[in-house]
Amino acid sequence: MLSARRGVAVAIAGLLIAALPVGARAAKDAKDAPAACEAPFGVAVLNAPEKPWKGAPLRVVFTAEQAVEGELSLVAPDGTVAVTAPQRHGGPPYFWVAEVEAPAAGKWQAKLARTGAAGECSALVRDIAVAAKRPPGMGASKKSVWPVRETWSRETENLYAAWIEILFDAPLDAQPSWPALHEVLRDRSRNVLFNYLGLREDEKGLIIKPDCADLPYTLRAYFAFKMGLPFGYAKCTRGGAGKPPRCNQWWNIENEEPPPAPPPEEQAGAGPDLLFSVFGAPPAPTKKQSQALKLPQKPEGLVPGFGYYVRTTVANGVHSGAGRTAADDDSSDYYPVPLTAGALRPGTVYADPYGHILVISKRIAQTGDSAGVILAVDGQPDGTVARKRFWRGNFLFAQDPALGSPGFKRFRPVARGGGSFRRLDNAEILKNADYADFSLDQSKLAVEDFYDRMDDVMSPAPLDPKRAMTEAITALEEQVKARVTSVENGRMYQDKGGAEVAMPDGASIFETTGAWEDFATPSRDLRLLIAIDVVRGFPDRVARRPERYAMPVGKTAADVTAELQGSLAAELAARKFSYTRSDGSQWTLSLEDVVGRIADLEMAYNLNDCVELRWGAVDGSEEAATCKRRAPDAQRGKMAEYRAWFNERRRPPRG
């Protein structure tokens with residue numbers, strides 16, 4: 001349960017507190033901590049599970065909008081301190097997380113002892129009731145996909161941010177990747193909302209495997225499902241004919257999108273229930289209709305119903321066009337935010353101009369030894385979820401009205417108005433003290449200005465130029481290793497007897513379905529080519545913006561640029577990786593090899609080619625000797641025609 005005060009922000013410190021009615025919670029807050037103590041910091045507390053009992057581990061997340069110093073402790077009913085959590089995470093929001101594996105029944109306290117504070121404000125305290133017997137789990141709702149019992153606010157948004165950061169956290173030098181999102185959600189050590197509702201809901205084998213466009217919606221829906229928050233999504237176009245996407249309909253958990261109409265032969269004799277308008281959802285399709293549509297029938301029960309909703313209803317309803325609507329469009333699910341440290345927090349979405357979407361998972365502040373970093377997760381067509389760092393090779397940016405408005409965006413808050421759910425428009429967001437972060441600034445930035453601004457946000461202090469270049473090379477290395485996985489997935493598809501895959505026409509090579517989407521890599525390769533350009537051009541970037549870098553004493557920008565050129569060549573040659581050839585043997589390349597094959601990588605995305613060709617192996621070389629498969633001549637002709645897109649580092653507009 002959420003324990004917070006309206007108007008103050010949260011941070012994630014332990015995620016669950018027994019559910020209370022709003023009135024009871026307000027009275028409890030007034031008793032637990034004086035408003036004057038909490039107001040400057042924006043505090044919220046969450047305990048998990050929602051209804052704690054002695055048979056389940058107790059987790060507590062204590063969040064704060066401001067950078068308060070302190071230590072979180074969980075105090076047992078007998079007054080002893082069961083566990084302490086001195087480490088503060090995040091920022092903003094800031095949070096502490098503490099856990100007791102087997103809590104005793106009785107009144108526990110979550111206590112944040114503030115460093116250096118005195119008097120009644122020296123500690124912020126929350127009471128948590130732990131039951132002796134297992135309480136009943138959450139029940140289903142007849143009028144909604146799940147019961148709604150909380151509202152979106154700064155408190156719940158900060159808890160959402162904290163949950164995201166914990167879910168995908170890993171050391172900076174790691175490259176975490178999961179075959180599906182449900183693998184992460186089923187990991188109790190990561191998911192602080194694991195079995196939050198007391199229904200063993202995360203042990204029921206739900207398959208949750210979103211791609212890049214679905215991932216932000218799936219994460220938002222999962223959190224809303226657990227916390228009892230409203231949720232909805234828009235039906236949008238993909239744009240075209242020189243215009244950005246538009247969203248013309250909006251559905252939510254109390255007004256579900258109607259299922260697709262069955263084929264004409266199935267409609268005959270179906271009765272009036274099947275004749276519906278956009279203003280009212282029809283009943284769930286019958287078993288016969290579901291089979292005709294190749295849709296699973298919606299199951300009964302709260303947890304199965306949620307699984308169906310995210311896996312079928314939402315997944316079939318959203319796509320990447322939702323992220324590229326015009327910046328001032330009030331009918332979109334996302335709205336643009338300013339490029340500030342406070343706005344770029346976990347849960348914020350990045351939509352690139354070509355359809356790829358990522359979700360910020362962590363922000364790491366700049367230190368004296370390293371640049372600041374923004375980490376994000378994305379989904380792939382095969383369902384893989386992986387973490388990436390912000391840099392030009394992963395986060396593409398362009399200003400073209402036909403492509404829509406790219407950049408960092410947040411979900412619009414969903415609120416109840418006039419008896420039904422609705423989204424706040426841009427003017428309402430600006431006036432809402434819990435948000436007030438709608439901004440058109442990104443839409444006014446040229447491409448170089450955007451990346452310069454992001455450098456300044458992540459690392460306000462001047463950077464050591466060599467260290468900054470090394471980090472750019474590391475980001476390129478991560479991108480290359482991620483491509484190894486994608487190309488290997490295509491090789492395994494071939495080895496398992498996968499048939500030759502048809503190649504789409506024109507711009508559709510970047511946006512399609514089926515095996516081409518799952519195993520071909522045109523979008524990934526275009527980003528890789530841009531990434532190579534960034535690394536190769538890094539010394540020149542230092543020369544262009546010398547004020548951004550801490551130049552060594554006594555050296556000019558020209559001196560430093562020349563030294564960087566030499567270091568770049570050595571670093572690229574030293575970094576190695578391996579891929580699996582067609583015969584199962586390993587072949588080792590360096591980043592220097594990849595950079596040298598940049599021209600070959602302009603035509604290396606076709607899964608019908610052998611993996612050796614997809615890594616740019618030269619015909620007749622030892623590396624290419626194991627190649628046993630080539631794309632048909634007609635497809636290679638198409639690739640030659642489309643090569644200019646990759647050579648010029650641009651994606652064509654939609655027709």
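Contact here means heavy atoms within 4.5 Å. The structure is a predicted model of a protein chain whose secondary structure comes to 18 helices and 23 strands. Of the 655 residues in the chain, 56% are buried. Among contacts with a separation of 6 or more, 71% are between residues 24 or more positions apart.

**V83 and its surroundings**

- Leaving aside neighbours within four places in sequence, V83 is in contact with L72, S73, L74, A98, E99 and V100.
- One of these partners, S73, is 10 residues from V83 in sequence, and the two C-alpha atoms are 5.7 Å apart.
- V83 belongs to strand β6, which covers residues 81–85.
- The relative accessible area of V83 is 22%, and this residue is partly exposed, because buried means under 20% and exposed means over 50%.

**Strand β3 and its partner β4**

- Strand β3 spans residues 43–48, and six of its six residues are buried, so the strand is largely enclosed by the rest of the structure.
- In a regular strand the side chains alternate between the two faces of the sheet.
- In β3, V43, V45 and N47 point one way, while A44, L46 and A48 point the other way.
- Both sets of β3 residues are buried.
- Strand β4 (residues 58–64) pairs with β3 in the antiparallel sense, over six bridges.
- One of the bridge partners in this pairing is V61 of β4, which is matched with L46.

**The seven-stranded sheet**

- An open sheet is formed by seven strands, in the order β11-β18-β17-β16-β15-β19-β14, and the pairing is antiparallel.
- At its edges are β11 (177–178) and β14 (334–336), each of which pairs on one side only.
- Within the sheet, β17 pairs with β18 (residues 385–389) over five bridges, in the antiparallel sense.
- K388 in β18 stands opposite A376.

**Helix α8**

- Helix α8 runs over residues 302–317 and has a kink of about 35 degrees, centred on Y309.
- The helix is largely enclosed by the rest of the structure, because 12 of its 16 residues are buried.
- The buried residues include Y309 itself, together with its sequence neighbours Y308 and V310.
- Also buried in α8 are L302, V303, G305, F306, G307, T312, T313, V314 and G317.
- The elements that the buried residues of α8 pack against are the helix α5 (214–227) and the strands β12 (232–236) and β13 (247–252).

**The second largest pocket**

- This pocket has a volume of about 700 Å³.
- Its lining consists of 34 residues, and those nearest the pocket centre are W391, R392, D455, V534 and R541.
- Two or more lining residues come from each of β17 (373–379), α10 (447–458), α11 (465–495), α13 (522–536) and α14 (538–544).
- Helix α10 gives the largest share of the lining, with five residues.
- By class, the lining holds 20 nonpolar, 11 charged and three polar residues.

**Backbone features**

- Most residues other than glycine have a negative phi, and most peptide bonds are trans.
- The peptide bond joining G91 and P92 is cis, with omega about -25 degrees.
- A cis bond also runs from P92 to P93, and its omega is near -10 degrees.
- P92 is found in the loop between β7 (89–90) and β8 (94–100), and P93 lies in the loop between β7 and β8 as well.
- R200 has a positive phi, near 55 degrees.
- The position of R200 is in the loop between α4 (181–185) and α5, where this residue is partly exposed with a relative accessible area of 45%.
- R649 also has a positive phi, near 60 degrees.
- R649 lies in the segment after α18 (633–647).
- With a relative accessible area of 18%, R649 is buried, because this value falls under the cut-off of 20%.

Note on methods
Residues are numbered from 1 along each chain as its sequence is written. This is a predicted model: local features need pLDDT of at least 70, side-chain atom pairs count only at pLDDT 80 or more; totals for chains, interfaces and linings use all residues. Side-chain values use heavy atoms; hydrogens and water are left out. On a 1 Å grid over the protein atoms alone, a cavity is a set of points where a 1.4 Å probe fits but cannot get out, and a pocket is an open set with protein on both sides within 12 Å along at least five of seven lines; lining residues have an atom within 4 Å of a point. Grid points are joined across faces, edges and corners, and a volume is the space filled by probe spheres set on the points. Helices (H or I, at least four residues) and strands (E, at least two) are DSSP runs, numbered from the N terminus. Ala, Val, Leu, Ile, Met, Phe, Trp, Tyr, Cys and Pro count as nonpolar, Asp, Glu, Lys and Arg as charged, and the others, Gly among them, as polar. The bend at a residue is the angle between axes fitted to the seven residues ending there and the seven starting there. Buried means under 20% relative accessible area, exposed over 50%, partly exposed in between (1.4 Å probe, protein chains only). Two strands pair if DSSP finds at least two bridges between them.
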